[in-house]
Amino acid sequence: MGIKSFQGARKAVKKEFEAPILVEDYMTAKLVTFNPEQSILEVMEAFAKHHISGGPVLDNNGFLVGIISEADCMKRISESRYFNQPILDKSVEKYMSKNVQTIPHDISIFDAAGIFDKHNRRRLPVMKNGLLVGQISRKDVVIAALKLSGQNWK
């Protein structure tokens, strides 16, 4: 005769995922932002001062209207030399990328990794209810994956 269990039926235990996995958990919330009227010289000085390579461009109402990056500045520096024209007094609006791809605040870092891979971006503005709330970079996603590996992937 087999052994009977007198403990009764057991509840199915679903393992809860304790580590934060959303973009908003790893994004940078304190951003250096620019406005369309700023000069490229001011932008390049801010890049050097804050050790960044790009940032969001916001209008006077705080809405995202573009992104300016070192790559945008480098293209213009190269063109200005070719045409022998100064660029440093030009405004951000002329050089920023206006077709900005964004990412929602409440998707997982795994989905964010897929977006980075598919669209070949270095950073993405994070949006919540149509407003900029932060920015996530490839490096942020890598750091998040390292933190998660300590909890789950062993």
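1. A quick convention to start: contact here means heavy atoms within 4.5 Å. With that in hand, Ser137 touches Phe116, Arg122 and Arg123, leaving out residues up to four places away in sequence. Ser137 belongs to strand E5 (residues 131-137), and it counts as buried because its relative accessibility is 19% (buried is under 20% relative accessible area, exposed over 50%, partly exposed in between, with a 1.4 Å probe and protein chains only). Helices (H or I, at least four residues) and strands (E, at least two) are DSSP runs, numbered from the N terminus.

2. Please keep in mind that this is a predicted model, where local features need pLDDT of at least 70, side-chain atom pairs count only at pLDDT 80 or more, and totals for chains, interfaces and linings use all residues. Residues are numbered from 1 along each chain as its sequence is written, and side-chain values use heavy atoms, without hydrogens and water.

3. Now the interior. The largest nonpolar core (buried Ala, Val, Leu, Ile, Met, Phe, Trp, Tyr and Cys joined through side-chain atoms within 4.5 Å) has 14 residues, and Val23, Tyr26, Ile103, Val126 and Ile136 have the most contacts inside it. Two or more residues each come from helix H1 (23-26), helix H4 (109-119), strand E4 (123-128) and helix H5 (138-149). Another core, of eleven residues, lies apart from it and includes Ala46, Phe47, Val57 and Val92.

4. Helix H2 (residues 40-50) is worth a look too. Its buried residues are Ile40, Val43, Ala46 and Phe47. Seen down the H2 axis, they fall within an arc of 120° (taken from the directions from the axis to the C-beta atoms), so they line one face of the helix. The face turned away carries the exposed Ala48 and Lys49. Just after H2, His51 takes a positive phi of about 55°.
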